[in-house]
Amino acid sequence: MRYLWFTNITIYKMALVTCWDNFKRETLPHLVRLMELLISFSIATLTVIAFGTQYWITSERDNSQSHEGLWINCTEGPKGNCWSLPLSGVETSLTATRVLMSFALVCGVLAAIVAIVSMIQIMRKVQVAGGVLFICQGVWLMIGLAAYSGTFSEYRKSGWSYSIGWVAFILSVVAGLYFIVVGIYRLCRHRGGPDIEEVDYKPLAQMDGSTNTSSDDDD
């Protein structure tokens, strides 16, 4: 009875180990690539939202409320309206933020494209390039957001568009470091031997059959 109980536990352990090995070998790499793709598109989407919305500044003074963006200013209330800001002749900080946010947006879009390419086919050098693009995007975002902070005052508070820009900055830096480290790790592992994701794992029964065949041939 004790022998049967021990045998059942051993079988369950072997089944769990086999399931975990199959998950780690077949499912986990796809989940990781999907996560990388979702993060890339999330950063690009947040950058677009921060770049195009008009809630960088919210102000309230003399019973009047308004909000401002990089391109549009709006007043709230029954007679509220919106108007576009000119491309030139505005504050220097606003112009600098526009340019830097444009650079960040381009880097974010390119990084998302790189994520798609690396998901279709694991290209380690491309992953490192994607990480560099994310770091560049984070640098442009940080400088642009810091330059725009000079327009705040007691009555001019930061809005949710400005906050989304900082969220995109944090995610872009984290994603950039992740892609660079993972890409370099995969490059080093590939040079040192076969990539684990590319090894042809044979079923256990097939391996046993080949072993038996070789033994018969030796006899």
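Tyr162 is where I will start. Leaving aside neighbours within four places in sequence, Tyr162 is in contact with Tyr55, Trp56, Leu145, Tyr148, Ser149 and Phe152. This is a predicted model, so please keep that in mind throughout. Tyr162 sits in helix H4. Its relative accessibility is 8%, so Tyr162 counts as buried. There is also a long step in sequence here: Ala50 lies 112 residues from Tyr162 along the chain, yet the two C-alpha atoms are 6.5 Å apart.

Now the aromatic side of that neighbourhood. How many aromatic pairs does the structure hold? The count is 10. One of them is Tyr148 with Tyr162: the ring centres are 6.3 Å apart and the planes meet at 35 degrees, so the pair is tilted. For anyone asking why it is not called stacked, that word is kept for planes under 30 degrees apart. Tyr148 belongs to helix H3, residues 124–148, and Tyr162 to helix H4, residues 160–192, so this pair ties together parts that are 14 residues apart in sequence. Tyr148 is buried, with a relative accessible area of 2%.

A second pair is Tyr178 with Phe179, and this one is edge-to-face, at 5.6 Å centre to centre and 80 degrees between the planes. Are these two residues buried or exposed? Tyr178 is partly exposed, at 29% relative accessible area, whereas Phe179 is buried, at 4%.

Back to Tyr162 for a moment. Ring pairs link Tyr162 and Tyr148 into a cluster with Trp56, Trp166 and Phe169. Two members of that cluster, Trp56 and Tyr148, have already come up as contacts of Tyr162.

Staying on helix H4, the next residue is Leu187. Leu187 is buried, with a relative accessible area of 18%. The cut-off for buried is under 20%, so Leu187 falls inside it. Lys125 is 62 residues from Leu187 in sequence, and the C-alpha to C-alpha distance between them is 7.5 Å.

Next, the cysteines. How many disulfides does a search of the whole structure find? It finds one. The disulfide joins Cys74 to Cys82, with an S to S distance of 2.0 Å. The torsion about the S-S bond is about 115 degrees, so the disulfide is right-handed. Its two ends differ in cover: Cys74 counts as buried, at 1% relative accessibility, and Cys82 counts as exposed, at 52%.

Cys107, on the other hand, is in no disulfide; the nearest cysteine sulfur to it belongs to Cys136, 5.3 Å away. Why is there no bond for Cys136? Its closest cysteine sulfur is the one in Cys107, and 5.3 Å is too far for a bond. The limit applied to a disulfide is 2.5 Å between the sulfur atoms. As for cover, Cys107 is buried, with a relative accessible area of 11%, while Cys136 counts as partly exposed, at 30%.

On to the surface. Which residues make the nonpolar surface patch of about 380 Å²? They are Val106, Val109, Leu110, Ile113 and Val117. Val117 is placed in helix H2, residues 92–120. At 35% relative accessibility, Val117 counts as partly exposed. A residue needs over 30% relative accessible area to join a patch, so Val117 qualifies on that point.

Last, the chain as a whole. The protein chain has five helices and five strands. Read from the N terminus, the order is α-β-β-β-β-α-α-β-α-α. Of the 219 residues in the chain, 31% are buried. The chain exposes about 13,900 Å², and 67% of that is supplied by carbon and sulfur atoms. Among contacts with a separation of 6 or more, 66% are between residues 24 or more positions apart. The approach of Tyr162 to Ala50, 112 residues away in sequence, is one place to look at such a separation in the model.

To recap the local points: Tyr162 is buried and is part of the aromatic cluster with Trp56, Tyr148, Trp166 and Phe169. The disulfide is between Cys74 and Cys82, and Cys107 is in none. The nonpolar patch includes Val117, which is in helix H2. That is it from me.

Note on methods:
Residues are numbered from 1 along each chain as its sequence is written. This is a predicted model: local features need pLDDT of at least 70, side-chain atom pairs count only at pLDDT 80 or more; totals for chains, interfaces and linings use all residues. Side-chain values use heavy atoms; hydrogens and water are left out. Helices (H or I, at least four residues) and strands (E, at least two) are DSSP runs, numbered from the N terminus. Buried means under 20% relative accessible area, exposed over 50%, partly exposed in between (1.4 Å probe, protein chains only). Contact means heavy atoms within 4.5 Å. Accessible areas come from the Shrake-Rupley method with a 1.4 Å probe; for residues, only the protein chains shown count as cover. Patches are made of residues with over 30% relative accessible area and no salt bridge: like charges are joined within 9 Å, nonpolar side chains (Val, Leu, Ile, Met, Phe, Trp, Tyr) within 5 Å. A salt bridge is a side-chain nitrogen of Lys or Arg within 4 Å of a carboxyl oxygen of Asp or Glu. Rings of Phe, Tyr and Trp (its six-membered ring) pair if their centres lie within 6.5 Å; planes under 30 degrees apart count as stacked, over 60 as edge-to-face and the rest as tilted.
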